[in-house]
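Trainee: I have a model open and would like to learn how to read it, feature by feature. Where do we start?

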Amino acid sequence: MSKIFKFSSILISLIFFNFHVLAFEENGKGTVDLANYTSFEENKNEIIKDAKVLACKNALQKYVSTFSIDKKKNFEKIKSKVNDNYNQYMVCDSVIDENLDVGENKFTILMKANIDENKIDQALVEVSAIANAGADEVSDIVILMFSAKTKSIKQKDDKVTKVDQTTKSVDVEQTEASKEGETQISSETTETNVTTTGGNTVSSSEVITYEVTDIYNESIEAGMVEILNTAGFELIDGGDLDLEEQIETMKVDYGEQGKLSKAVQKSIKKNIASEEISFYVQGIFKIGSQEVDSATGMKMVNVSVVSAKMMHKREGKKFWKTVATVAGNQRKGKGTTYDEAINNAVRLCSQSVAKQMVQKLNAKGIK
Amino acid sequence: MKKVTFYLIFFLIFPIKIIASEKKVFYAGFSFSGNYIDKTSGIKYTDPLTNIKNENGIDIISSSLLKSVKKANPSSFKIDYNFADIEKGLEESVVMAVVLDHEDFFTEYESITKTYLNNIQMFFQIIFYDFKSRKLIASIPYDVSMPFFTKKELNESEIREYIKTFYTTGLKSLDNDKTLNAFSIVEEILNNFVLKEKYKFRAGVTKVNFEEKSIQFIPEKFKKNQNYLKNVFAQLFSSRLSLHNDIALVPYTEGMAIGAKMKQQFVNSDIIYDIELPKPDFNIEISVRGFKKVLAKKSDVNNIFFWASFINLNIFQPDLDKTFMNDNLKNVIKKSIPAQIENINDWYKFYIATYELFDGYSLNINNPNKEWINKTNDSDIFAKNIQNVKKLMEKLK
């Protein structure tokens, strides 16, 4: 009775459990050379089957081509497995169209593939060093990332200098070059006096100061934590580490200078290391200006990563090293309000940062 | 024990929906099918009306539409006025809106009676978009023509007031004594419409091009913003193709309707805006080759004019480089205009000629009429290509 009850519970849970599947849709093309077969009519089923396999693998290839360099490097570890068992990683059974080219003696088929991104990501995680670390090797990580909004823009007036010149020319004897390569020129002397003849203008660029804020930290964490957890990290709340002073200094440094001072970086490293935490992420997201999407009228904001670094200190080693750097990522967020748009953009941007960092770590085999 | 196990396995293999069996369609309201930047030029009469709120804080157009939609009782789906949750998958993925594609006002002057013959034209669609499969699963176009006479030339404010009345209290129908507003027909359309969810593949208009011989006839207000007009023509074609052939489409543009209004019906404001329009599996490119106006017969009483629209339609599968149709089509409309009418609006006539061409084309795919085929394109290859397109339509269903 108890066995049946257990079995039934599993079945019922399977019925009602909601699988959130991420599917990447792609069309794949497979072309078969008919010279390898007796005739199209005689071998039609086999030809179509072979073409379908090529088409599904082509769709997979197109999907892989969207990967970053690090993710592609990681994919090499599972490439054979995925290729040989592609049916387990996608649904590829819809024929969009086919074409028999009599002139070229080729048969081409176009298939629609829905690639299960979750399964592929899972397979990548399974072969990563960090995910294969033992239970006692789970890596703690602290996230020290902030967002920066434009606080002020100082537009300096262009600096105009009027230079008054009087020139006195003194001609020296002009001698034509007697040998090839020899050149002699007149010299002239100039004396600077006080009369008007010209001037120059030095254009100054804007001086922008930022207000560094942590009001979007929830969105940053939301974007990063799930990906870091899946990769084998466990998040430690920065607030538990007695870093308030350093965090405030970081905000001021980033806001006014755009970078951290050496002193505060050293202090952070010392504090984190003392808690036996071997990974932390620091960086800044820059929140762009508020815009209106021209197509939909929704509020829109662009968020970019100014810099994001993952620092790691190996056990027994003295110094922290930068093991992953991400910069330049940009994501747009939309919403009915600007706040919503910013939260969406920050979350998307932080997801992309976390993904790239994990890919870099896996590529280096760091755990 | 065995009986219990059998029933549980049965339910796993044949999942049964325990909740209501009717398909839920979430209501998004009224919107504009074009892009946000085009609304002040494309729907300049309707746009300001969306800012006039009634006592409940809802704009007068949306309020009028809601009254009509609430009267509807469709048999194949249930209209849900709550928010949808995209994470519930296909159960809560279809959203419906009534959208305005295009509106226009023109006037012609009759010098003997000193009367202005005014005409307001509005082109709507009821669209159903599935955000899970990312397909426009239904598009039901309808249009409205409001001719009326005045002794003086109307200014924009007066035109807008007329349109406002049409959206809200309504105007007297030309056909009978009924009072009709912009959405009177929506109830009937929804009641008679059978929603189909599953479509295999999608087609979509991917390019609209105005060639030199067509540009000269385009009104100045559209010449400055051809992108708006491209969307109008894309919607004109695709709505008719979808209606008469029951296929799913990728919209030409997300626009305000799909990109904003419909997406706002989802609770998942963190992910819904990431859902982009997919690439169509089969592409349609429309080239507007030119327009032509000819005075066929002149008299003191009436002049007979022809207005012609010349289009090239290219329907192909880009990955296979396979073309189903790449043909020139034409349509001519003939109208008798009283001789004393001044300032005949040619653009509207060219638009109607194109409208009829697209409508006729979409209808004739399934049931080709020889006479229509000959007058549209009398080449043998065109008749053959119509058959190719018919097979393609079957593939898309």
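Mentor: With vocabulary: two strands count as paired if DSSP finds at least two bridges between them. The elements themselves are DSSP runs numbered from the N terminus, with helices being H or I over at least four residues and strands E over at least two. On bookkeeping, residues are numbered from 1 along each chain as its sequence is written, while chains are lettered from A and ligands numbered from 1 in the order in which they are written. This is a predicted model, where local features need pLDDT of at least 70 and side-chain atom pairs count only at pLDDT 80 or more, but totals for chains, interfaces and linings use all residues.

Trainee: What is the mean pLDDT of chain A?

Mentor: pLDDT is the predictor's confidence in each residue, from 0 to 100. Chain A averages 78, and 75% of its residues reach 70 or more. Helix α2(A), residues 44-64, has the highest confidence in the chain with a mean of 96, and strand β7(A), residues 189-191, has the lowest at 37. Residues 1-20 of chain A are below 50, with twelve contacts in the model beyond near neighbours in sequence. A contact here is two residues whose C-beta atoms, placed from the backbone, lie within 7 Å. Residues 164-197 of chain A also stay under 50, and the model gives that stretch 30 contacts beyond four places in sequence.

Trainee: How should I treat such stretches?

Mentor: Where pLDDT is low, don't read the predicted coordinates in detail.

Trainee: Back to strands. How many bridges join β10(B) to β11(B)?

Mentor: There are 13, with β10(B) (residues 282-297) and β11(B) (residues 302-317) running antiparallel. The link between β10(B) and β11(B) is a hairpin of four residues, and B:Lys297 has B:Ile304 as its bridge partner in β11(B). On β11(B) you'll also find β12(B), residues 322-338, antiparallel to it over 16 bridges. B:Phe306 pairs with B:Lys334 there. The β11(B)–β12(B) connection is a hairpin with four residues between the strands, and B:Asp321 in its turn has a positive phi of about 55°.

Trainee: What does chain A offer along those lines?

Mentor: Try β3(A), residues 106-116. Its partners include β1(A) (residues 23-33), antiparallel through eleven bridges, and β2(A) (residues 90-101), antiparallel over nine bridges. A:Lys106 is the bridge partner of A:Asp33, and A:Asp101 stands opposite A:Lys106 too. Four residues lie between β2(A) and β3(A) in a hairpin, where A:Asn105 in the turn has a positive phi of about 60°.

Trainee: Is β3(A) mostly covered or mostly open?

Mentor: Burial is a neighbour count: with C-beta atoms placed from the backbone, a residue is buried if 20 or more other C-beta atoms lie within 10 Å of its own, exposed if 12 or fewer, and partly exposed in between. β3(A) is mostly covered, with eight of its eleven residues buried. Over the whole of chain A, 30% of the 367 residues are buried; for chain B the figure is 34% of 397.

Trainee: Which residues of α7(A) are buried?

Mentor: A:Gln246, A:Met250 and A:Tyr254. They sit on the same side of α7(A), because they cover an arc of only 70° around the axis, the arc being that of the directions from the helix axis to the C-beta atoms. The face turned away from the buried side carries exposed A:Glu244, A:Glu245, A:Glu248 and A:Glu256. Just after α7(A), A:Gly258 has a positive phi of about 80°.

Trainee: Why does B:Lys151 count as exposed?

Mentor: B:Lys151 has 8 C-beta neighbours inside 10 Å, so it counts as exposed. It lies in the loop between β5 (135-150) and α5 (156-167) of chain B. Leaving out residues up to four places away in sequence, B:Lys151 touches B:Lys114 and B:Thr115.

Trainee: And the overall picture?

Mentor: Chain B has 13 helices and 13 strands, and chain A has nine helices and 14 strands. The C-alpha trace of chain B spans about 95 × 60 × 40 Å along its principal axes. In chain B, 74% of contacts between residues at least 6 apart in sequence join residues at least 24 apart.
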